[in-house]
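Q: Could you take me through the surroundings of the ligand in this one? I'd like to know what sits around it and what touches it, and then hear a bit about the empty space elsewhere.

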Amino acid sequence: MNDFLAQLAAIVGPQHLLTDDIDTAPFTLDWRRRYQGAPLAVAQPGSTQEVSALVKLCRAHRVAIVPQGGNTSTCGAATPDASGRQLVVALRRLNAVRHVDTDNNALTVEAGVTLQEAQQAAEAAGRLFPLALASQGTCQIGGNLSTNAGGVAVLRYGTMRELTLGLEAVLPDGRVLSQLQGLRKDTTGLDLKQLFIGAEGQLGLITAATLKLFPLPSAHATAMIGLADIETAIAWLNRLRDRFGDRLTAFEVMDANCQQVLLRHHPSLMPFTAPWLVLIELSDGGGAAELNDALVRWLAEQDMLDGVLAQNETERRKLWTLREEISESQRKDGPSIKHDIAVPTSALPRLVRDCAADLDKAFPGVRIVAFGHAGDGNLHYNVSFTRPGNADLFEDEDAVNAIVYDHVYRLGGTLAAEHGVGQLKKDWLARYKDPLALELMRGIKRALDPDGLMNPGKWL
Ligand SMILES: Cc1cc2nc3c(=O)[nH]c(=O)nc-3n(C[C@H](O)[C@H](O)[C@H](O)COP(=O)(O)OP(=O)(O)OC[C@H]3O[C@@H](n4cnc5c(N)ncnc54)[C@H](O)[C@@H]3O)c2cc1C
């Protein structure tokens, strides 16, 4: 192994190969602090060529690779196992903005560029890169691609899969697949970039991508509205779509318990509480006053419990801060059994009602904190309760998951809407995913990575 590490140091530079526990520590624990690994080392290559050379070396020595971006995965997808034999490859040094093509509305960045840096590069060119997540200051484009990230603007712009024109990836044998042309149309065979999007680093290392840009909206109209129930929220979603078309950019919901969590941690920001709060945003290229007026006129025709409309950018930011602070506030609030589920939007009310009823039967007094991207049918659904003798909540995790996922799949949903599968949900995926779909995915894995060296121990 010393020979391997010496050759690795020669590839990435000795200062970019971390072997001491104190240096590797930030790369070994996941964001939720559920998975603690012990890597052989952490390598930080600085170019696609270095990644390629590193992968070839790993293959020759049969060393497994765990790709890591910003390490914000909520399901342990980027954490090495505890064997001390896996190499974490951290992509942060691949941080160049390679090209902005405003006429083609395309941005080419390296995989270690953070999402926020990509947004800023687009904005500096007078364009919008619309992917937006609460973790955007830390997560990286390579991680966003590998998890097919979603966030708060999917309703209008789509997930990372839809926002990608091309990518560059180092295959498990070290060859570089480069498809960064930025084409919107190309029917010459299979669209290979799609294989790497959502693969959670199990098919290769993404080193760069060409992303779609959009016109920068000049106007936003943002409102927080209190509604009586989730049925009303979904009816509003459909009426807003009918009225505003794709100017409806975000439609986020928070249930009453979620609002209590925010009240505990950000009391001064909460405008009011209601059984369900809905954060609505319209965006457009025209004037702000015009868009606000259109929303005000529409709201005046609706029944609601309460509501505030942001009057300026500061007030808009305040409403969004609340939304973005939910995950961190929840983390401070104590443990919960977390789910990132999606069903067709029409089935969301049924999921909310039926699942809560069954959980309450099984775990009387259960507390559900539900929030998320209702416009995409996607809820972050967090379950907690006090167990007799204050025993560990996670001892009941399997029983809770079985109830939640049975409801989700009965309604045609998925157990991983946007955060990926990782280690956390791999056994559940095997239980619920179509066996033929899984078999095809495993065949692709075997064809590309016959030695199983790319991110082993995850779901493929
Ligand atoms: C507060 C908070 C809010 C969040 N909100 C959202 C949200 O709204 N929507 C959403 O979709 N997600 C959200 N997430 C989850 C997370 O931020 C996303 O999954 C993000 O895309 C992960 O990016 P990352 O760079 O941190 O990747 P990591 O966590 O480092 O890695 C994630 C996966 O990608 C692989 N990977 C990373 N880089 C590469 C690469 N270059 N090549 C190949 N594989 C790679 C890893 O091996 C791993 O399997 C949130 C997380 C937090 C902590």
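A: Let's start with the word "near": a residue counts as near a molecule if one of its heavy atoms lies within 4 Å of it. Bear in mind that this is a predicted model, where local features need pLDDT of at least 70, side-chain atom pairs count only at pLDDT 80 or more, and totals for chains, interfaces and linings use all residues. Residues are numbered from 1 along each chain as its sequence is written, and side-chain values use heavy atoms, with hydrogens and water left out.

On that basis, 36 residues surround the ligand, and the closest are Pro67, Gly69, Gly70, Thr72 and Ser135. Sorted by class, this shell holds 22 polar, 12 nonpolar and 2 charged residues; here Ala, Val, Leu, Ile, Met, Phe, Trp, Tyr, Cys and Pro count as nonpolar, Asp, Glu, Lys and Arg as charged, and the others, Gly among them, as polar.

Now for the polar contacts (pairs of N or O atoms within 3.5 Å). Gly69 has a backbone N or O atom 2.7 Å from an oxygen atom of the ligand. Gly150 also uses a backbone N or O atom, which lies 2.9 Å from a ligand oxygen. With Asn455, a polar side-chain atom is 3.2 Å from an oxygen atom of the ligand. The protein buries 97% of the 980 Å² that the ligand exposes when taken alone (accessible areas by the Shrake-Rupley method with a 1.4 Å probe).

The elements that give two or more residues to the shell are β3 (65-68), α5 (141-146) and β10 (205-212), with the largest share, 4 residues, coming from α5. Helices (H or I, at least four residues) and strands (E, at least two) are DSSP runs, numbered from the N terminus.

As for empty space, a cavity is a set of points, on a 1 Å grid over the protein atoms alone, where a 1.4 Å probe fits but cannot get out, and its lining residues have an atom within 4 Å of a point. There are 3 cavities of 30 Å³ or more, and the largest has about 40 Å³ of space, a volume being the space filled by probe spheres set on the points. The lining of that largest cavity includes Arg32, Thr74, Lys338, His339 and Asp340, and by class it has 4 charged, 3 polar and 1 nonpolar residues.

Key: Polar contact = N/O pair within 3.5 Å; in protein donor to acceptor, adjacent residues only side chain to side chain. 1 Å grid on protein atoms, 1.4 Å probe; cavity = no way out; pocket = protein on both sides within 12 Å on 5 of 7 lines; lining within 4 Å.
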